[in-house]
Amino acid sequence: MVNLVLLYLAVINLMTFAVFAADKRAAAGGLRRTPEATLLGLAAIGGGLGAVSAQRLLRHKTRKQPFARQLTLILVGQVFALAMLAVLAARHALVIP
């Protein structure tokens, strides 16, 4: 089960990074852009790390508010949720293979 979750997180974060990169290319080329709701949605379903990584590495949408603030809140929420899961797992002595 844990392996499936990790696989999902790896895939969604890579996909989110790729969509951010494609949007950056579209912005530079004057092409049709990816809606911000789509970018935030990908971050919200587990791609927060990929989104923030793309934002920082590609310097994409770093000054755009409230987008940058919403993206940061999504990532903070995801880190908090993972921390809570780790605490619960430790508290109940769950073995994670």
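## Leu71 and its contacts

Leu71 touches Phe20, Leu40, Ala43, Ala51, Val52 and Gln55, leaving out residues up to four places away in sequence. The model is a predicted one. Leu71 is one of the buried residues of helix H3.

Leu71 also belongs to the largest nonpolar core. That core has ten residues. The other members are Phe20, Leu39, Leu40, Ala43, Ala51, Val52, Ala54, Phe67 and Leu75. Helix H2 (36-58) and helix H3 (67-91) each supply at least two residues of the core. H2 gives the most, with six residues.

## Gln55, a buried residue of H2

Gln55 sits in helix H2. Is Gln55 buried or exposed? Its relative accessible area is 1%, under the 20% cut-off, so Gln55 counts as buried.

What does Gln55 touch, aside from neighbours within four places in sequence? The contacts are His60, Lys61, Thr62, Ala68 and Leu71. Two of these partners, Ala68 and Leu71, are listed among the buried residues of H3. Pro35 is 20 residues from Gln55 along the chain. The C-alpha atoms of Gln55 and Pro35 are separated by 15 Å.

## The aromatic pair

How many aromatic pairs does a search of the whole structure find? The search finds one. The partners are Phe20 and Phe67, and the pair is tilted. The ring centres are 6.2 Å apart, with 45 degrees between the planes. Phe20 lies in helix H1 (residues 2-29) and Phe67 in helix H3, so the pair ties together parts that are 47 residues apart in sequence.

Both partners are members of the largest nonpolar core. Phe20 has 0% relative accessibility and counts as buried. Phe67 has 1% relative accessibility and also counts as buried. The ring of Phe67 has a charged visitor too: the charged end of Lys61 sits over this ring, 5.4 Å from its centre. Lys61 is also one of the contacts of Gln55.

## Helix H1

H1 has 28 residues. From first C-alpha to last, H1 reaches 41 Å. This is close to the 40 Å expected at 1.5 Å a residue.

Which residues of H1 are buried? They are Ile12, Asn13, Thr16, Phe20, Ala21, Asp23 and Ala26. Their cover includes H2 and H3. Gly30 follows H1, with a positive phi near 70 degrees.

## Helix H3

H3 has 25 residues. From first C-alpha to last, H3 reaches 36 Å, close to the 36 Å expected at 1.5 Å a residue.

The buried residues of H3 are Phe67, Ala68, Leu71, Leu75, Gln78 and Ala89. What do they pack against? They pack against H1 and H2. Phe67, Leu71 and Leu75 from this set are also in the largest nonpolar core.

## Arg59, in the loop between H2 and H3

Arg59 is found in the loop between H2 and H3. Its phi is near 50 degrees, a positive value in a residue other than glycine. Is Arg59 buried or exposed? The relative accessible area of Arg59 is 68%, over the 50% cut-off, so Arg59 counts as exposed.

Key
Residues numbered from 1 in each chain as written. Predicted model: local features only at pLDDT ≥ 70, side-chain atom pairs only at ≥ 80, totals over all residues. Heavy atoms only, no water. Core = buried A, V, L, I, M, F, W, Y, C linked by side-chain atoms within 4.5 Å. Buried < 20%, exposed > 50% of the residue type's maximum accessible area, 1.4 Å probe, protein only. Helix = DSSP H or I, 4+ residues; strand = E, 2+ residues; numbered from the N terminus. Contact = heavy atoms within 4.5 Å. Phe/Tyr/Trp six-rings, centres within 6.5 Å; stacked < 30°, edge-to-face > 60°. Lys NZ or Arg CZ within 6 Å of the ring centre and 35° of its normal. Expected span 1.5 Å × (residues − 1).
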